[in-house]
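The following exercises concern the nonpolar core, one sheet and one loop residue. Each task is followed by a worked solution.

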Amino acid sequence: GMSVLDNGRVLVSARDRLKGTKNGVFRASSGNVLYQPDQRDKIQLDVECLVKLLLQQPPNSAPSWTVRQLEFAFRNVGRKGVWAQNGMSLLLFLGCFFKTFHVFGPNDEFVRLNHGSPGHSRCLDHLDTVMVNLARISEPRLCFEERLHFHPKVPPSLKKSGVAAVSHTFESKLRFHDEYQDPPPKFRSEMAPRDALFCLTD
């Protein structure tokens, strides 16, 4: 037979809901998330850069980095962050990495790493989980308490928005299980024809 491999998109199970059972907790999915792997790679590069910055001494001998200082230091690296390119604030972007970053303070103005010391600058979050978070945070069908994977604290901007979706242009889309009678969503970059890789199988 013949099968077609789509190298332009990745489909993963959301695995974003926990259900209690008599034997423990069962992890279920509200649907599947479709995303662009090249955008995932850009996110990984920027997050690793943010981690390296947070391992340095905060500016002006401050006890902790602020989110604003971190974004300013990243711009000095010489490029625009992938969150800014896709219309998202750095605060919400950091919230999608619940294992790596910890945002704290009365107004969530400070940020630090959840781990690490010099020589251990890496992202602890699985990138598939991050792409699921980015898809969930823009989905109006989900209430804000369950937008992010086990996020310990809902950011103030999400509290203000209530059940409204957070707008961004990351190409990560959540498709609920009850929507599979509809055609799959298309990304902006898919408006032009793409090359497909054909594989012959037995």
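**Exercise 1.** Determine which residues have the most contacts inside the largest nonpolar core.

*Solution.* Begin with the criterion: a nonpolar core is a set of buried Ala, Val, Leu, Ile, Met, Phe, Trp, Tyr and Cys residues joined through side-chain atoms within 4.5 Å, where buried means under 20% relative accessible area (1.4 Å probe, protein chains only). In this predicted model, local features need pLDDT of at least 70 and side-chain atom pairs count only at pLDDT 80 or more, while totals for chains, interfaces and linings use all residues. Residues are numbered from 1 along each chain as its sequence is written, and side-chain values use heavy atoms, with hydrogens and water left out. The largest core holds 42 residues, and Ile 43, Phe 93 and Phe 101 have the most contacts inside it. Helix H1 (residues 37-54; a DSSP run of H or I, at least four residues) contributes the most to this core, namely seven residues. Next, take Ile 43: beyond residues up to four places away in sequence, its contacts (heavy atoms within 4.5 Å) include Val 82, Phe 93 and Phe 170.

**Exercise 2.** Establish the strand order of the open sheet with three strands.

*Solution.* Strands are DSSP runs of E, at least two residues, and two strands pair if DSSP finds at least two bridges between them. The order is E6-E8-E7, with antiparallel pairing. Strands E6 (65-66) and E7 (101-104) are the edges, each pairing on one side only. Two bridges join E6 to E8 (residues 110-113); Trp 65 has Val 111 of E8 as its bridge partner.

**Exercise 3.** Decide whether Ser 30 is buried or exposed.

*Solution.* Ser 30 lies in the loop between strands E4 (24-28) and E5 (31-35). Its relative accessible area is 5%, so Ser 30 is buried.

Definitions and conventions
Buried means under 20% relative accessible area, exposed over 50%, partly exposed in between (1.4 Å probe, protein chains only).
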